[in-house]
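Student: I am new to this structure and would like to understand one part of it well. Please choose how its helices are packed, and go slowly from there to whatever lies around that packing.

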Amino acid sequence: KYAIRNPHTWTLAIINFVSYILYTHQNYFNPYLINVIGVSPEASGVFAIIRTYVFMLLAIVGGIMCDRIFKSSGKWFMTAYSVSGILIIGLLLIPPGVSVIFVSIYTLIPAAFIMAQYGVQFSILRELNISPAVMGTSIGVSSVISWLSDVIVPPIFGSWLDKYANAGYTYIFIFLIVDAAVGIAVAYTVVRYNKRKALG
C-alpha cells in the first residue's frame, strides 16, 4: 500500500513506460527503411541488429553520463529524451530522394540515445523518495505498467499502417515524439524535486 500510494512509484512507472515504448518501437525504423526509403531487407536487417544488440554497449555510456557528466539521472534523461525526440522529428522532415544510406545511418542516431537512456532507466531510483523497504515492490509495479505498452501500442501502430499504409509511419513517429516529450516533463519533475529537496 505504501509503494502504491507513493507518487514517486508512479514517476518511476511513467519513466519506465516512456523508455520502454521508445526502446521497443524503434524497431519500426526497420520496416520504414524497407517500405518507405527503399532499403533492401538484408541491409535493413543489418541496421536493426546494430540498433538492437550492438547498441546495448551504450548502456555503459548512459551510466557515465548519469554519474560523471550530468551527475543526475534526471538531467541525463531530459537530455536523451530531448535529443531522441528532435532526431525523430528530423525523420519527418527528410525530403524525397535523399540517399538511402544517409537515412539508414541517420536512424542509428536516435536509437543510440534511446539505448543509452533505456539501459540505465532504473538509475532514477536514487533520485526518488522511495523507501528501500518497498523499493522492490515499486519496481515491480512500474515494470508491470511499462510492459503493458506491449499490449496497447502495437495494435495502435498496426491499425495506422493498415489504414494509411506508408503514411502510417508519420503517425508512429509523432507518437514517439509525444512519448519523448512526456519523458522530458516527468524527468524535469524529478530534477525539480531534488533541487527543492537540496534547498531544504
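Tutor: Before the packing can be described, the axes need a meaning: they are lines fitted to C-alpha atoms, for helices over the stretch in contact, and the angles between N-to-C directions run from 0 to 180 degrees. The helices themselves are DSSP runs (H or I, at least four residues; strands are E, at least two), numbered from the N terminus. What is shown is a predicted model, in which local features need pLDDT of at least 70 and side-chain atom pairs count only at pLDDT 80 or more, while totals for chains, interfaces and linings use all residues. Residues are numbered from 1 along each chain as its sequence is written, and side-chain values use heavy atoms, with hydrogens and water left out.

Let us begin with helix 2 and helix 8, whose axes are 9 Å apart and which pack at an angle of about 145°. Their crossing is left-handed, a word that applies if the near helix is turned anticlockwise from the far one by less than a right angle, right-handed being the clockwise case. Ile15, Ser19, Tyr20, Leu22 and Tyr23 of helix 2 make the contact with Ile114, Met115, Gln117 and Tyr118 of helix 8, where contact means heavy atoms within 4.5 Å.

Helix 8 (residues 108-118) is mostly covered, with nine of its 11 residues buried; buried means under 20% relative accessible area, exposed over 50%, and partly exposed in between (1.4 Å probe, protein chains only). Those buried residues are Leu108, Pro110, Ala111, Ala112, Ile114, Met115, Ala116, Gln117 and Tyr118, and they pack against helix 2, helix 3 (29-37), helix 4, helix 5, helix 6 (73-93) and helix 7 (100-106).

Helix 2 (residues 7-25) has another partner in helix 11 (residues 168-199): the two axes come within 9 Å and cross at roughly 150°, again in a left-handed crossing. On the helix 2 side the meeting residues include Ile14, Ile15, Val18, Ile21 and Leu22, and on the helix 11 side they include Phe175, Leu176, Val182, Val186 and Val190. Helix 2 residues also appear around serine 149, which lies in helix 10 (residues 149-164) and counts as buried because its relative accessibility is 0%. Apart from neighbours within four places in sequence, serine 149 is in contact with Phe17, Tyr20, Ile21, His25 and Pro154.

Among the helices that pack against helix 8, helix 7 holds serine 104, which counts as buried at 1% relative accessibility. Not counting residues up to four places away in sequence, serine 104 touches Leu33, Val39 and Phe47.

The loop between helix 8 and helix 9 (135-147) brings us to charged side chains. Arginine 126 and aspartate 67 meet there in a salt bridge at 2.9 Å, N to O, the term meaning a side-chain nitrogen of Lys or Arg within 4 Å of a carboxyl oxygen of Asp or Glu. Arginine 126 sits in that loop and aspartate 67 in helix 5, so the pair ties together parts that are 59 residues apart in sequence. Arginine 126 is partly exposed, with a relative accessible area of 48%, and aspartate 67 also counts as partly exposed at 45%. Arginine 126 has a further salt bridge to glutamate 127, with the closest N and O atoms 4.0 Å apart, and glutamate 127, with a relative accessible area of 9%, is buried. Asp67, Arg126 and Glu127 are thus linked in a network of salt bridges.

Finally, the loop between helix 4 and helix 5 holds tyrosine 53, which is exposed, with a relative accessible area of 53%. The C-alpha atoms of tyrosine 53 and methionine 115, which are 62 residues apart along the chain, are separated by 9.8 Å. Methionine 56 is placed between helix 4 (41-52) and helix 5 as well, and is partly exposed at 44%. Both belong to a nonpolar surface patch of about 820 Å², whose members also include Ile49, Val54 and Leu57. Helix 5 (residues 58-69) gives the most to this patch, with three residues. Patches are made of residues with over 30% relative accessible area and no salt bridge, like charges being joined within 9 Å and nonpolar side chains (Val, Leu, Ile, Met, Phe, Trp, Tyr) within 5 Å; the areas come from the Shrake-Rupley method with a 1.4 Å probe, and for residues only the protein chains shown count as cover.
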